[in-house]
Every structure is written in structure tokens, then in C-alpha cells.
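Visitor: Pick one part of this model and take me through it closely, please. I'd like to start from a single contact and work outward from there.

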Amino acid sequence: MAQTSGVRWTPQVDASPAPVITAAGASHPGAVRAHNEDAWLVGPPIFLVADGMGGHSAGDVASRLVVESFADLRDRPSITVADIEQAVGTARTSIAALATDPDTAPGSTLIAAGFVAEGSQGYWLVANIGDSRAYVLSESGFEQISRDHSVVQEMIDAGEIDSDEARVHPERHVITRAIGAMPDSPPEFVLIPVVGGSRLLLCSDGLSGELSDAAIERILRDGEPPSVAVARLVAGAVEAGGHDNVTAVVVDVVDSGTDRVATTLGHSFSSRPTVDTIPTKKKAS
Ligand code: MG
């Protein structure tokens, strides 16, 4: 398993107590595939998972190009919608340059979370393209905060199937947006307040396809540091079948001093999270 050791970062917000962010990522090719076409970035204030696709091992190059495009955002105090749209545009251009045949054009999903500093409050700006996911565990519960861009999600939205049927549907891997492979694929944005004691999980479908939401929630609720949580999540998905590459990034908002998410759960310094969808100003080209 490829893994980052834990990263610790103190965002520049005028809050007391100052929030501290701790994070880690892990990835495994799984039990079936020879190559790992997933990639991830733990580079505060930006965190992401990318799931590449494409013949002749172009998928791993595509997801790596997504990481390289976003790596320029490291070490900034705050992330904007324009920053993410620009990084997506850069990734789209460099992935398009890989394509030799339009039928096997490489592409990549993106699930990214950037820290937004707004006075004394921090926000996670979550951007999604495809079917990698973002989940949040906080005082108010555990929920998926990204919406899959997939054929089965459209069938769920239309009331044709439920989420249990989607998990085993033959078209469950077919996505409707991607960086590269599909031209009209703008990111979908969600903005949520950064709440003390909350955990953010970014993952590829190799995790969410093997472990139920309840199983993912159980591991996150154990409150171990991010480096332990990501290792357990990835190992759990590989043991459950590992049919696809598995990647997880966990980002915690902790009390300075303890670094333990479990000790801060129930002591949030913000009210119940609210979810706003930010309209994209323009279609990313
Ligand atoms: Mg995958």
C-alpha cells in the first residue's frame, strides 16, 4: 500500500481556538488489477483523489496529470472556485494531449476539497467530476456530500432503481463526466463550513464500491488518526474483494494539542453544517 504519513497544517483563520488540520492518504491497486490508475494529493490547502481511465496504461498518466495540475495550489492561504476551474482546465489540456484515438481517450475523475478562509470561518470547497466521492462525518451525522456523475445515479434520480440496486447494476462503473474523456464535464461545487471534530473522506469508487456507507462510517467513527483511518479503509476494501484500485484521503479538523478527532466530536465551534451549491460561472473549457 502506498501511503503518506500524516500531514499537519494550521490554516490562517482568525478563530479561537484555531483549528488544526491533519490529513493522510493511502492507495492500493486492489486484488485484481495489475496497475494502480488512482492518484491522490495531500497538499494543504488542497486535497484530492483522481481515478484515471484509458487504454494502454494511459489512465495512471491521466490521474497523475490531475494531481500535477492541482499541486500548484499548495501552500496558498485559501482556495477559490477560479483556482479549481483553472487547475481543471490545465489538467484537461494536458490529458487531451495524451489521446491518440478518440475511442480510447484517457480521462480522470476528480474529487477535491480546498480550504477557503473567510474571516474567522473556514469552509471546504468540494469539487466533483465523475464518481469519486466526498463524505463528511460530523456531530450531525455521516453523509455523502458529492453527487455521482454516473449512469446509475441518473437512474436513481429518475426513480428507476434504488441505491442497493445501483451497487450491483451492470452499468455501475459508467460515468457521465470526466476530465479529458468527455468534453462537457464542468466540476460540481459544494461549500460546507469547516467544523471542529469533523472528518472529511475523499475516495475512489474502488472504496465506495466495496464497502457500504455503514462500514465506512464505522471505521471513521473509531477516531484514529488519518494515517490509520486511511490504511484501514483501503485494507478493508481490498479484503472485501478489491475489484478496482482503492484510494482514500482523510482530512480531520482537530483541537490543537490533542490531534484526536474523537475527543472533539460534540464540541463543534460552528452550528450544524449547511450545504450550498455554488453555480459555476462558466463552463470549463
Ligand atoms: Mg475506480
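**A close look at strand β5**

Guide: Let's start with one residue pair: Phe-47 stands opposite Ala-113 in β7. Bear in mind that this is a predicted model. Phe-47 belongs to β5, and in that strand Phe-47 is also the bridge partner of Val-42. So much for one residue; now for the strand around it.

Strand β5 covers residues 46-53. Its pairing with strand β7 (residues 110-118) is antiparallel and runs over 4 bridges. Strand β4 (residues 38-43) is antiparallel to β5 as well, joined by 6 bridges. A third pairing, again in the antiparallel sense, takes in strand β6 (residues 107-108) and has 2 bridges. There, Met-53 of β5 finds its bridge partner in Gly-107. Is the strand enclosed or open? With 7 of its 8 residues buried, β5 is largely enclosed by the rest of the structure.

Have a look at how the chain gets into β5. β4 and β5 make a hairpin with 2 residues between them. The loop between these two strands holds Pro-45, and the peptide bond from Pro-44 to Pro-45 is cis, its omega near 10°.

Now to the packing. In a regular strand, side chains alternate between the two faces of the sheet. Keep that in mind as you compare two neighbours in β5, Leu-48 and Val-49. Leu-48 sits in the largest nonpolar core, which has 27 residues, and is among the members that touch the most others, along with Val-66, Phe-70, Ile-84, Leu-110, Leu-125 and Ile-179. Several elements each supply at least two residues of this core, β5 and its partners β4 and β7 included, and so do α1 (58-71), α2 (81-96), β8 (121-129) and β11 (188-193). The largest share is that of α2, with 6 residues. Val-49, on the other hand, turns up in a second, separate core of 23 residues, which also includes Ala-23, Ile-111 and Val-190.

Back in the largest core, Ile-179 is worth a click. Leaving aside residues up to four places away in sequence, Ile-179 touches Val-66, Val-88, Ala-91, Arg-92, Ile-95, Pro-106, Gly-107, Ser-108, Leu-110 and Ile-129. Gly-107, listed there, is the one that bridges to Met-53 of β5.

Phe-47 has another story to tell: together with Trp-9, Phe-115 and Trp-124, Phe-47 forms one aromatic cluster. The structure holds 4 aromatic pairs. In one of them, the ring centres of Trp-9 and Phe-115 are 5.3 Å apart with the planes at 85°, so the pair is edge-to-face. That pair links distant parts of the chain, since Trp-9 is in strand β2 (residues 7-9) and Phe-115 in strand β7, 106 residues apart. Phe-115 also pairs with Trp-124, the centres 5.7 Å apart and the planes again at 85°, so this one is edge-to-face too. Buried or exposed? Phe-115 and Trp-124 are both buried, Phe-115 with a relative accessibility of 0%. Trp-9, at 16%, counts as buried as well.

Further along β5 comes the metal. The magnesium ion takes its protein donors from Asp-51, Asp-205 and Asp-244, each through OD, at 2.1 to 2.2 Å. Along the chain these donors follow the spacing D-x153-D-x38-D. Asp-51 in strand β5 and Asp-205 in helix α5 (residues 205-208) are 154 residues apart, so this pair, too, links distant parts of the chain. Both of these aspartates are buried.

For contrast, step off the strand to Asp-75, in the loop between α1 and α2. At 74% relative accessibility, Asp-75 counts as exposed, and its phi is positive, about 70°, although Asp-75 is not a glycine.

One last word on confidence. The protein averages a pLDDT of 87, and 88% of the residues score at least 70. Residues 258-285 are another matter: their pLDDT is below 50, even though this stretch has 66 contacts in the model beyond near neighbours in sequence. Where pLDDT is low, the predicted coordinates shouldn't be read in detail.

Technical notes: Residues numbered from 1 in each chain as written. Predicted model: local features only at pLDDT ≥ 70, side-chain atom pairs only at ≥ 80, totals over all residues. Heavy atoms only, no water. Buried < 20%, exposed > 50% of the residue type's maximum accessible area, 1.4 Å probe, protein only. Pairing = 2+ DSSP bridges. Donors = N, O, S within 2.8 Å, 3.2 Å for Na, K, Ca; no water. pLDDT = per-residue confidence, 0-100. Contact = heavy atoms within 4.5 Å. Core = buried A, V, L, I, M, F, W, Y, C linked by side-chain atoms within 4.5 Å. Phe/Tyr/Trp six-rings, centres within 6.5 Å; stacked < 30°, edge-to-face > 60°.
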